[in-house]
Amino acid sequence: MRNIWRALGSRGYLLSPWPWRAVAYLASGAVCGAVVLVVIVSGVVVGAALSVVVVGLPLLLLTALAGIPVAGVERWRLRIAGQQVAAGQHREPAVPGLRAWLSTRLKEAATWRELAYAVLFGLVLWPLDALAVVLLAGLPLSMACAPLVVAVDGEAKVVKLWTIDTWPGAFGVAVLGLALLAPGAYALGCAAGARAELARALLTTKAEDSERVTELVRSRVRLVDAFEAERRRIERDLHDGAQQRLVALTMTLGLARLDAPPGPLADQLAKAHADADGALAELRELIHGIHPKVLADYGLEAALTDAADRSPVPVDLDLDLPGRLPRPVETAAYFVAREALANVAKHSGAETAGIHGRYDGGRLVLRIEDDGCGGADMSQGTGLTGLADRVSVLDGRLTLSSPPGGPTLLRMEIPCRPSRPAPEPSA
């Protein structure tokens, strides 16, 4: 979202809506602040006066909670200055009811922080907003209207200090006022931007930012887990459903081919049998690409060995892994290696490639390199961008070094801990 600071750096600021938005933000702050001052002072004075007869205690309680709606209005007003602020981090009461809601709010630090902001707003900030609007917008506009005032009243007072009663003086003041409008518009933008940053800083704590970041990371992890679960479900459905039907179809066509007499029918059955065999082979490759069974059963080292065997480019394996790693780590590492080998075969023109894997200092380090032509770029659709996002969800890093002429080195690091020893593949 574009804010007023970015707008100030653009060439078309004066002709954009941002000067008007700056005036609207500061002027609305002056009006709202005056209302807040009246409400808080009235609540405290009347509540204190009536507290002797107990009637004033609820009024004092409501005054203590006045910061909540004030903060809500301020968060909405920040949008005028282009600032996006999340809603306040107020907890939901454990049980419904007014008493539980009041008890929860009075125990929250956010409630008292917002009340402090409301007091600061009512006592200090709104007069500054009003002063900025009057000096930076009101004064130049009043000077620009000097000829009109002289025409109506016969004289005009500039800043309530100098009296102008001649046309040359009136037009001179008007020209000066018009000249001050441009720097005044920039000054208004700066004042509105600084005021918005102050409000945002006072209404948002680092803890709230940390909670939102943590929730975003957790949501990304949940999405990755859901995606992996869906991949496994698709692989299982294809393996147990479509693949078994194709196997049965291949066997049926093979038996029919044996029983058919030589001739056109036998030739058609032979062709259908070959097509079914080809479709079955393609389906097996597809299932292996979605989620290889060797990865789930025997771990990352066995899966990387299988991927190297399937690569059309000779691959030198150098793996020293401690056994089974967490499933998300194994899955991310495998698909990074497989995508890298696919890119080597398609684009690099390499004669050899290498996969080097180590577990060092609580981190899985995987390096895939080749002796190809280089020039690879993760941002140019190599397929590694999505994998980099997946690695980042696991608090890892994926880096690529591929100068023109080669060699290319892809490095992945993911912090993790071994879960259990890897089972030995059956012969």
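**Two helices that cross**

In this predicted model, helix α4 passes helix α8 in a left-handed crossing. Let's look at how the two helices meet. Helix α4 covers residues 67–77 and helix α8 covers residues 167–203. Their axes come within 10 Å of each other and cross at roughly 135 degrees. An angle over 145 degrees would count as roughly antiparallel, and 65 to 115 as roughly perpendicular, so α4 and α8 are described as oblique to each other.

Which residues make the contact? On the α4 side they are Ala71, Glu74, Arg75 and Arg77, and on the α8 side they are Arg195, Ala199 and Leu203. Sort these residues by character and you find 3 nonpolar, 4 charged and no polar ones.

Now go to glycine 67, which also lies in helix α4. Is this residue buried or exposed? Its relative accessibility is 0%, and buried means under 20%, so glycine 67 counts as buried. Leaving aside residues up to four places away in sequence, glycine 67 touches Glu114, Leu115 and Ala118. Tyrosine 117 makes a nice example of how a chain folds back on itself in space: 50 residues separate glycine 67 from tyrosine 117 in sequence, yet their C-alpha atoms are 7.1 Å apart.

Finally, how much confidence does the prediction carry? The protein chain has an average pLDDT of 79, and 81% of the residues score at least 70. Confidence is highest in helix α2 (residues 18–50), with a mean of 90, and lowest in helix α9 (residues 206–259), with a mean of 62. Where pLDDT is low, the predicted coordinates should not be read in detail.

Key:
Residues are numbered from 1 along each chain as its sequence is written. This is a predicted model: local features need pLDDT of at least 70, side-chain atom pairs count only at pLDDT 80 or more; totals for chains, interfaces and linings use all residues. Side-chain values use heavy atoms; hydrogens and water are left out. Axes are lines fitted to C-alpha atoms, for helices over the stretch in contact, and angles run from 0 to 180 degrees between N-to-C directions. Helices (H or I, at least four residues) and strands (E, at least two) are DSSP runs, numbered from the N terminus. Angles under 35 degrees count as roughly parallel, over 145 as roughly antiparallel, 65 to 115 as roughly perpendicular and the rest as oblique. A crossing is left-handed if the near helix is turned anticlockwise from the far one by less than a right angle, and right-handed if clockwise. Contact means heavy atoms within 4.5 Å. Ala, Val, Leu, Ile, Met, Phe, Trp, Tyr, Cys and Pro count as nonpolar, Asp, Glu, Lys and Arg as charged, and the others, Gly among them, as polar. pLDDT is the predictor's confidence in each residue, from 0 to 100. Buried means under 20% relative accessible area, exposed over 50%, partly exposed in between (1.4 Å probe, protein chains only).
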